[in-house]
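Please load the coordinates in your viewer, with the sequence panel open beside them. The stops below can be taken in order, each beginning with something to select.

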There are 2 protein chains.
Amino acid sequence: MHRFEIWAPNARAMAVMADGATLPMPGPDERGWWRLDVQNAGPGTDYGFLIDDDKHPYPDPRSEWQPNGVHGLSRVYDRDAFCWTDESIQARPLGSAIVYELHVGTFTPQGTLDAAVERLDYLAGLGITHVELMPVAAFAGNHGWGYDGVALYAVHKPYGGPDALKRFVNAAHRHGLAVLLDVVYNHFGPVGNYTGKFGPYTVDAHHTPWGGAVNLESAGAFEVRRFFCDNALMWLRDFHLDGLRIDAVHAFVDRSPIHFLEQLAIEVDMLEAALARPLVLIAESNLNDPHYVTPREAGGLGMGAQWSDDFHHALFAVLTGAREGYYQDFGALGQLAKALEQTFVYDGMYSRYRQRVHGRPARHLSQHRFLGYIQDHDQVGNRAMGDRVGQIAGLERAKIAAAIVLLGPFVPMIFQGEEWACSSPFQYFADHEPEMAKLVSEGRRTEFAAFGWKPEEIPDPEDRETFLRSKLNWDEAAQPRHAEMLEWYRNLIRLRKTTPALNNGDPGNTRVDFDEDGKWLCIERGPVMTCCNLGSKTCSFPVPNEFRVLLASRDGVRIESEMLTLQPDTIAVVEASLL
Amino acid sequence: MHRFEIWAPNARAMAVMADGATLPMPGPDERGWWRLDVQNAGPGTDYGFLIDDDKHPYPDPRSEWQPNGVHGLSRVYDRDAFCWTDESIQARPLGSAIVYELHVGTFTPQGTLDAAVERLDYLAGLGITHVELMPVAAFAGNHGWGYDGVALYAVHKPYGGPDALKRFVNAAHRHGLAVLLDVVYNHFGPVGNYTGKFGPYTVDAHHTPWGGAVNLESAGAFEVRRFFCDNALMWLRDFHLDGLRIDAVHAFVDRSPIHFLEQLAIEVDMLEAALARPLVLIAESNLNDPHYVTPREAGGLGMGAQWSDDFHHALFAVLTGAREGYYQDFGALGQLAKALEQTFVYDGMYSRYRQRVHGRPARHLSQHRFLGYIQDHDQVGNRAMGDRVGQIAGLERAKIAAAIVLLGPFVPMIFQGEEWACSSPFQYFADHEPEMAKLVSEGRRTEFAAFGWKPEEIPDPEDRETFLRSKLNWDEAAQPRHAEMLEWYRNLIRLRKTTPALNNGDPGNTRVDFDEDGKWLCIERGPVMTCCNLGSKTCSFPVPNEFRVLLASRDGVRIESEMLTLQPDTIAVVEASLL
């Protein structure tokens with residue numbers, strides 16, 4: 001027996017087509033639900049819904065299995081069949097995490113969750129504690145970044161489907177790795193989104209850069225919010241995920257007194273108590289608004305953490321000299337220092353790029369409520385060529401970036417391949433049907449024409465080669481300069497994990513000294529000092545003789561006559577010896 | 001000499017046409033402003049701005065004088081010429097206010113601010129403390145409600161222009177009356193709005209029921225927010241207003257960490273300190289969100305108060321039996337009791353009308369942060385016929401409504417003419433040019449067709465008769481049944497003003513006992529009990545003999561044998577004698 005259920009408040013009639021038979025459904029109840037128990041149906045039954053006098057069945061918006069892609073029939077999935085063997089795993093608190101963001105399709109040559117399982121040994125050995133998967137919800141086409149998901153409850157078939165995700169999480173947990181999942185609740189992809197046939201999942205009154213905004217505050221919002229909350233709870237409960245990264249929360253339009261994210265935080269807190277294991281919600285937000293990561297008891301929305309672009313932009317602009325687009329607001333060492341000390345650089349200041357005042361101070365919040373990174377899928381992939389920081393600023397500066405990220409006050413995050421300065425770019429790729437593909441390709445060219453790129457220079461997102469080019473080449477990790485970088489990352493991670501002062505996120509714990517003209521920067525975190533010379537001349541820092549050098553990005557760095565001397569583009573970590 | 005200034009960030013060239021001469025303006029500066037000092041210009045100079053190679057000048061979005069209507073040239077206004085004689089006036093705190101909402105165009109036969117001055121004696125005698133003017137910013141046409149303002153800095157010419165507003169406020173202050181002004185910052189009217197020629201005052205991404213949402217968070221928002229904040233500061237500073245009522249704050253789309261209303265509250269607080277007299281901001285909000293009226297120190301937006309529709313709807317539905325539209329969510333005495341005790345009825349409950357969960361508890365907030373009313377321009381005027389509560393439910397029930405409003409926990413507000421049960425409706429009227437007029441008339445008919453009204457039954461908003469019909473007929477106030485009602489209002493106001501317990505807004509101070517079947521309700525506020533029989537049978541309330549009847553809506557109400565006996569549709573106020 002299987003109960004088919006569908007929310008379709010405006011339908012005049014509903015039927016389920018199950019294994020070929022069309023069965024009218026009773027309904028709707030007062031909330032707009034239609035329900036039918038079917039005796040012969042169960043796991044494996046293919047089904048779809050017929051609305052009014054439609055002849056063509058649509059997939060279930062809550063389908064957990066789309067074996068034939070987003071346009072095909074849904075299949076009843078057996079939620080309880082998988083044999084979990086991860087029972088004893090408890091994810092470590094985010095404050096002591098080293099996060100690794102990966103894209104299933106390009107992380108391995110095979111591009112599947114099962115192939116990714118084979119790399120878990122490597123990630124655990126590197127010192128990673130949390131793996132963050134880019135979205136795995138089913139989207140149109142074979143490959144893509146995943147932010148155009150339309151069947152939000154179904155794991156993308158080319159990645160291996162739902163059971164493959166369970167195998168991945170189970171294996172990660174057995175390696176001591178927590179797993180975070182990127183979920184997109186602010187829009188539906190432009191292709192294969194049938195939700196609008198069933199109900200008011202989106203509204204016309206508000207637009208996001210990717211289409212109609214989801215309906216969080218208008219008629220029907222009760223069920224739409226349930227749709228997203230239930231989705232989040234499913235991943236955490238049924239797939240044993242340890243947390244979610246919520247894409248672009250700034251795109252939500254929700255003036256409800258209980259914001260969607262607060263509702264989600266409340267429900268996830270309840271689930272955490274029921275499951276008795278820690279769960280975390282991480283927001284992607286470009287609002288520089290401390291409200292999102294303020295605890296609910298203090299009147300905030302209760303997100304556990306959020307990504308911190310200001311730190312990225314400040315660091316990237318200093319290291320690469322980039323000043324185009326949003327980098328025009330950055331470039332001073334003082335801004336990097338402010339980011340390290342106070343998290344938000346734009347905390348109520350006028351932003352030239354945004355042409356408005358931006359942000360609000362967050363300096364009272366733990367810096368563990370923010371993720372710090374020099375690469376992520378967006379910061380790499382939204383560049384015209386998807387090139388990496390080492391390719392832009394050179395390996396020595398990439399080392400400096402890594403040290404500031406991994407020894408800094410934020411929860412550090414690494415993007416796949418960054419740790420060995422991989423040669424693979426991460427370019428924007430998609431796999432749409434021809435009409436949409438044309439729009440996407442043209443859109444990408446137009447976007448970058450504004451920055452002076454010629455159309456033929458821009459990799460075509462719809463060209464399969466663009467996808468293949470973005471895959472990691474694991475063989476190169478063992479090659480000399482890549483291996484050197486990998487060793488650098490290993491050492492930095494080891495140092496962070498073994499040094500309590502580097503795991504202190506308390507506001508005020510990080511102090512930065514710098515010289516804008518001399519181009520040097522010193523980050524003091526308790527007894528640990530990280531000094532960096534970004535100038536063109538050798539630079540000396542007064543350091544007591546009893547300090548010792550813990551790590552340096554070049555050989556031969558020493559403290560002599562109470563001075564630490566650094567060549568250009570060098571970073572070193574020193575510590576007061578505990579004699 | 002006069003400095004002409006205009007924000008036009010996207011213009012390639014700007015000129016001011018002043019007294020017929022076209023003068024190119026230097027600019028723009030980095031924020032998009034063009035400025036020109038003109039020697040011969042000054043108060044009285046007619047001017048407009050020419051954008052790029054326009055031949056036709058547009059009025060100044062910040063014009064303070066539109067002597068020829070919203071399409072005409074602006075005129076330089078002498079801000080300092082008026083001789084104020086109100087220096088010693090300090091508005092009383094809102095917590096002890098009796099607010100009177102009036103519409104300048106229909107309050108008197110003449111429909112002007114100067115004619116309204118003649119009624120200030122009457123209002124002061126009635127016991128009013130705060131007069132709230134419906135919007136006076138210039139809008140297209142001669143008459144209208146005023147929510148379609150387009151020249152937001154200019155007082156509507158038919159009302160008398162800027163000096164007439166100063167005369168009104170000055171006179172009100174001399175009568176000891178504070179003046180609040182209704183301002184509309186969530187949209188511009190559909191006719192005569194030239195702001196879009198100059199800059200991004202509105203955005204396409206978000207729509208309100210009345211057009212594009214104002215730009216509070218996108219590029220250019222810094223200046224748009226300044227436009228509205230400066231407008232608010234102008235009314236308070238230059239026109240000596242004591243507070244503002246901010247229309248439909250739920251229509252703002254602002255995800256900035258410093259919400260526009262918080263910015264406005266900060267700026268008004270600073271002005272209050274500078275002027276050394278109390279200023280208040282009152283929001284109209286349908287969000288049932290305590291955040292708006294929570295002090296800024298406690299993380300809220302810092303509005304002084306907001307209108308409370310839940311109380312209105314609960315009271316109106318109980319008294320009239322209305323169940324159409326939003327009244328479908330109301331109708332139980334228990335809801336009226338909840339509103340009186342806890343302010344929001346919908347405080348996180350599912351609303352059938354809204355098809356979503358609505359609200360958040362406000363029971364921790366002072367009830368003086370909420371205005372209570374049984375009539376206001378919307379609740380009367382948005383009815384098909386604009387009829388008053390006495391016409392719907394009868395005079396005795398209108399008396400009951402008045403008593404519950406005026407003796408209840410909220411800051412009471414009366415709508416013009418309510419106090420003598422005036423026979424004038426307040427209908428929806430406007431005075432548009434033919435094309436828009438047709439749309440408005442048809443829109444109104446369509447809106448009410450949904451409630452079963454025939455098109456010919458609906459007063460045509462664009463018919464001048466609809467406007468004239470809505471004017472108060474002051475002669476009737478002295479006629480028997482109207483005079484009786486007026487006396488009832490006078491007594492209620494006097495009782496409220498002289499009874500400390502009725503001026504206590506503290507949460508928990510109001511307790512309500514009721515019987516849903518017996519249809520009676522008793523409101524206890526300290527030593528004062530207000531008992532009301534809404535059933536069809538005589539009803540007795542146990543009351544100690546030492547209590548005395550302070551006021552009753554019918555003659556002959558007494559306490560006998562420790563019982564207070566009330567006929568149907570009667571309300572009485574009793575108090576423990578302080579022996």
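How far apart should the ends of helix H4 (residues 161-174) of chain A be at 1.5 Å a residue, and how far apart are its end C-alpha atoms? Select H4(A) in this predicted model: its 14 residues should span 20 Å, and its end C-alpha atoms are indeed 20 Å apart, so the two values agree.

**Around H4(A)**

Stay with this helix and colour it by accessibility, since H4(A) is mostly covered, with 11 of its 14 residues buried. The buried residues include A:Gly161 and A:Pro162 at one end of the list, and A:Phe168, A:Val169, A:Asn170 and A:His173 further along. Now show the elements that cover these buried residues, among them helix H2 (113-117), helix H3 (120-126), strand S8 (130-133), strand S10 (149-155), strand S11 (178-183) and helix H6 (221-238) of chain A. After the helix comes A:Gly176, whose phi is positive, near 80 degrees.

**The nonpolar cores**

Next, select A:Leu133, A:Tyr185 and A:Trp235, which have the most contacts inside the largest nonpolar core, a set of 147 residues. With A:Tyr185 centred, display its contacts beyond four places in sequence: A:Leu152, A:Val214, A:Phe228, A:Asn231, A:Ala232, A:Trp235, A:Leu244, A:Ile246, A:Phe252 and A:Phe260. Apart from this core lies another, of 145 residues, and B:Leu102, B:Leu216, B:Val405 and B:Ile571 are among its members. In soluble globular proteins, nonpolar side chains tend to be buried together.

**A buried tryptophan**

Move to A:Trp420, which is found in the loop between strand S20 (411-415) and helix H13 (434-449) of chain A. Is A:Trp420 buried or exposed? With a relative accessible area of 0%, A:Trp420 is buried. Leaving aside neighbours within four places in sequence, the residues in contact with A:Trp420 are A:Tyr122, A:Leu472, A:Asn473, A:Trp474, A:Glu476, A:Ala477, A:His482, A:Met485 and A:Leu486. If you also pick A:His143, the viewer's distance tool should give 24 Å from C-alpha to C-alpha, for a pair 277 residues apart in sequence.

**Helix H7 of chain B**

Turn to chain B and select helix H7 (residues 260-275), whose 16 residues reach 22 Å from first C-alpha to last, close to the 22 Å expected at 1.5 Å a residue. Its buried residues are B:Phe260, B:Leu261, B:Glu262, B:Gln263, B:Leu264, B:Ala265, B:Glu267, B:Val268 and B:Leu271. These buried residues of H7(B) pack against helix H6 (221-238), strand S14 (243-246) and strand S15 (280-283) of chain B. H7(B) is followed by B:Ala276, which has a positive phi, near 55 degrees.

**Strands of chain B**

Select strand S12 (residues 202-208) and strand S13 (residues 211-214) of chain B, which run antiparallel and are joined by 3 bridges. A hairpin connects S12(B) to S13(B) through 2 residues, and B:Thr202 stands opposite B:Val214 in S13(B).

Further along chain B, 3 strands form an open, antiparallel sheet in the order S24-S27-S26. Strand S24 (539-542) and strand S26 (559-560) of chain B stand at the edges, and each has a single partner strand, so one side of each is left without a neighbour in the sheet. S26(B) pairs with strand S27 (residues 563-566) over 2 bridges, and the bridge partner of B:Glu560 in S27(B) is B:Met563.

**Cysteines**

How many disulfides does a search of the whole structure find over all chains? The search finds 0. Select A:Cys532 to see why: its sulfur is 8.6 Å from the closest cysteine sulfur, in A:Cys522, too far for a bond. A:Cys532 counts as buried, at 1% relative accessibility. In chain B, B:Cys539 is in no disulfide either, and the nearest cysteine sulfur, that of B:Cys522, is 8.3 Å away. B:Cys539 also counts as buried, at 11% relative accessibility.

**Both chains together**

Finally, show both chains and lay chain A on chain B, which takes a turn of 180 degrees and a shift of 0.0 Å along the axis and gives an RMSD of 0.0 Å. The two copies are thus related as by a two-fold rotation axis. To place that axis, select A:His206, whose C-alpha is the nearest to it in chain A, 2.3 Å away. The same surface serves both copies, and 100% of the contact residues of chain A recur in chain B.

Terms used:
Residues numbered from 1 in each chain as written. Chains lettered and ligands numbered in written order. Predicted model: local features only at pLDDT ≥ 70, side-chain atom pairs only at ≥ 80, totals over all residues. Heavy atoms only, no water. Least-squares fit on C-alpha atoms with pLDDT ≥ 70 in both. Contact = heavy atoms within 4.5 Å. Core = buried A, V, L, I, M, F, W, Y, C linked by side-chain atoms within 4.5 Å. Buried < 20%, exposed > 50% of the residue type's maximum accessible area, 1.4 Å probe, protein only. Pairing = 2+ DSSP bridges. Helix = DSSP H or I, 4+ residues; strand = E, 2+ residues; numbered from the N terminus. Disulfide = S-S within 2.5 Å. Expected span 1.5 Å × (residues − 1).
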